[in-house]
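Here's a quick briefing to read with the model open. Have a look around the interior, then work through the points below.

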Amino acid sequence: MSLPSPAAKSASGLSTLEASIRRDLERLEYPKRPWVLSRSASDGRPILDVLIIGGGQSGLAAAFGLMREKVNNLLVVDDSAPGLSGPWKTFARMHTLRTPKHLTGPDLNLPNLCFQTWYEAQFGEDAWKAVGFVPKELWADYLHWYRHVLSIPVRSHTRVGALSWLPEERCFAVPVRSTDKQAPQDAPEETLLARKVVLATGIDGSGRWETPANVARLPRELWLHTRDDIDFEALRGKRIGVLGAGASAFDNASVALERGAAEVHLFYRRKTLPTVNAYRWAEFVGFLKHHGDLPDADRWRFIRRILAMGQLPPHDTYHRARALPHFFLHAESPWQDVQAVNGKAQVTTPHATFTFDKLIVGSGTVTDLSLRPELTHLVGDIALWKDRYTPPPEEAHTDLARHPYLGPGFEFQEKVPGRAPYLGSVFNYTFGCLLSLGFGGASISGMKYSLPRLVAGITRQLYLEDKDAYFDSLMKFDLKEFEP
């Protein structure tokens, strides 16, 4: 779908919508009084109640959910420029979102805050009816608007270092550094203090984007990852090899050909491409809301089956690529060997050897918390699924075994009880929650049900940790409503 014409956009419609949202929030504000007890470090430095790392859709929605529960001493930090959080205007190269247009989540069940209402306020109801799937740029614009209309405190151009627990202060020390190219190169590192930390760092937030070892050892100028900032104009007239059969692999193949690549060959291991989307099966209340309530064996077998079914390229993504000349598919063709030969990449599969000017890797992510810089000081004590559950041999799955074993509110658990109880104050709202809690962080599909879990997990801790102080305030409460 093409983007709506700017001429069709109604600024007055958006202003009216924003006024309606403010009225909604005022009417639904009960109970409105602040309740979280403020804390300061022994040296007087303020301590945030919650620090959210990641300012994309999950981080912003988590912040709004907490603000609605009167947890206002929070901050969202993101290493991107304003308006560029998440993949939508950077490395996401599809035309539209993959999810159905009527999906809700960030709105927290406020009709005036959902994407459809925002869209109709600017372009009208008839324009909405014509929408098949949501253009990704408009989703990014919606999130940027969402951030501003809700006054969510976001600090952009900010990268987080390794979290450390300060037992004497009962909080985390979180080093941050500016990523703004306009900032002085010698700008000092700053340390934020926070009682609770939410990791909302996206699809790769519990590991990293995967590059096979035989590709990674090539000279860097010979290969790219779908996650990279790719200069597709530089690929004009080139012969490109793409690894992977997911949506991103097809998207990058399409863009390369649309920008003038001479040939694009896409390789995958399976005998045939998946044509059934398990994520469509999963879009019902039972799974979305209650996967995390299943016994471990059931959680394992459900998610393992979803992964085994494979992530297929959506219909429009597949046909976008197949319609282009000089696009070639190679089934049952893992890259058994990859070598640099005379300034080019030579790829060997079970069927043939190919020579390419450039390779593009689209093989997804790997789950491994030890790869996350923010968890360097904590990872040794974090419980993984392999520490809690051993599946039958025929259901073994190395990547799933490395997933964090999370509590009901997305909180980390200790590997050894009693050794690091503070880990429960770090909430993993990334794609790494998949096995423990289903579609949560980095998934629009699951936000309607995962956000209340996350928010309740945080507010529960904030209340229970200060229960004695709250009881003391109850004992002193003496507000008379009448004189006898």
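Helices α2 (57–68) and α5 (136–149) each put at least two residues into the lining of the largest cavity, and α5 has the largest share with four. This is a predicted model, where local features need pLDDT of at least 70 and side-chain atom pairs count only at pLDDT 80 or more, while totals for chains, interfaces and linings use all residues. Residues are numbered from 1 along each chain as its sequence is written, and side-chain values use heavy atoms, with hydrogens and water left out.

**Cavities**

- Some ground rules: on a 1 Å grid over the protein atoms alone, a cavity is a set of points where a 1.4 Å probe fits but cannot get out, and lining residues have an atom within 4 Å of a point.
- Grid points are joined across faces, edges and corners, and a volume is the space filled by probe spheres set on the points.
- Helices (H or I, at least four residues) and strands (E, at least two) are DSSP runs, numbered from the N terminus.
- That gives four cavities of 30 Å³ or more.
- The largest cavity comes in at about 100 Å³.
- Its lining includes Gly-55, Gly-56 and Gln-57, along with Trp-88, His-144 and Arg-147.
- By class, that lining has five nonpolar, six polar and one charged residues; here Ala, Val, Leu, Ile, Met, Phe, Trp, Tyr, Cys and Pro count as nonpolar, Asp, Glu, Lys and Arg as charged, and the others, Gly among them, as polar.
- The second largest cavity holds about 50 Å³.
- Around the second largest cavity you'll find Leu-97, Thr-99, Pro-100, Lys-101, Leu-103, Phe-115, Val-134, Trp-139 and Ile-444.
- The class split for the second largest cavity is seven nonpolar, one polar and one charged.

**The second largest pocket**

- A pocket, unlike a cavity, is an open set of points with protein on both sides within 12 Å along at least five of seven lines.
- The second largest pocket has a volume of about 370 Å³.
- Its lining counts 16 residues, and Pro-31, Arg-33, Pro-34, Trp-35 and Lys-70 lie nearest the centre.
- The elements giving two or more residues to this lining are α15 (447–465) and α16 (467–476), with α16 giving the most, at four.
- By class, nine of the lining residues are nonpolar, two are polar and five are charged.

**Ser-450**

- Staying with helix α15, that's where Ser-450 sits.
- Ser-450 counts as buried because its relative accessibility is 4%, where buried means under 20% relative accessible area, exposed over 50% and partly exposed in between (1.4 Å probe, protein chains only).
- The side chain of Ser-450 makes a polar contact of 2.6 Å with the side chain of Tyr-429.
- A polar contact is a pair of N or O atoms within 3.5 Å; within protein, one must be able to donate a hydrogen and the other to accept it, and residues adjacent in sequence count only if both atoms are side-chain atoms.

**Strands β1 and β7**

- Two strands pair if DSSP finds at least two bridges between them.
- Strand β1 (residues 48–53) is largely enclosed by the rest of the structure, because six of its six residues are buried.
- Strand β7 (residues 190–199) is mostly covered too, with eight of its 10 residues buried.
- β1 and β7 run parallel and share five bridges, one of which matches Ile-52 with Val-198.
- β1 also pairs in parallel with β2 (residues 74–77) over four bridges, where Ile-52 has Val-76 as its partner.
- β6 (residues 171–178) is antiparallel to β7, again over five bridges, and Ala-173 is matched there with Leu-193.
- β18 (residues 426–428) runs parallel to β7 over three bridges, including the one between Val-198 and Phe-427.

**Cysteines**

- How many disulfides does the model have? The count is zero, with a disulfide being a pair of cysteine sulfur atoms within 2.5 Å.
- Cys-171 is buried at 0% relative accessible area, and Cys-114 counts as buried at 13%.
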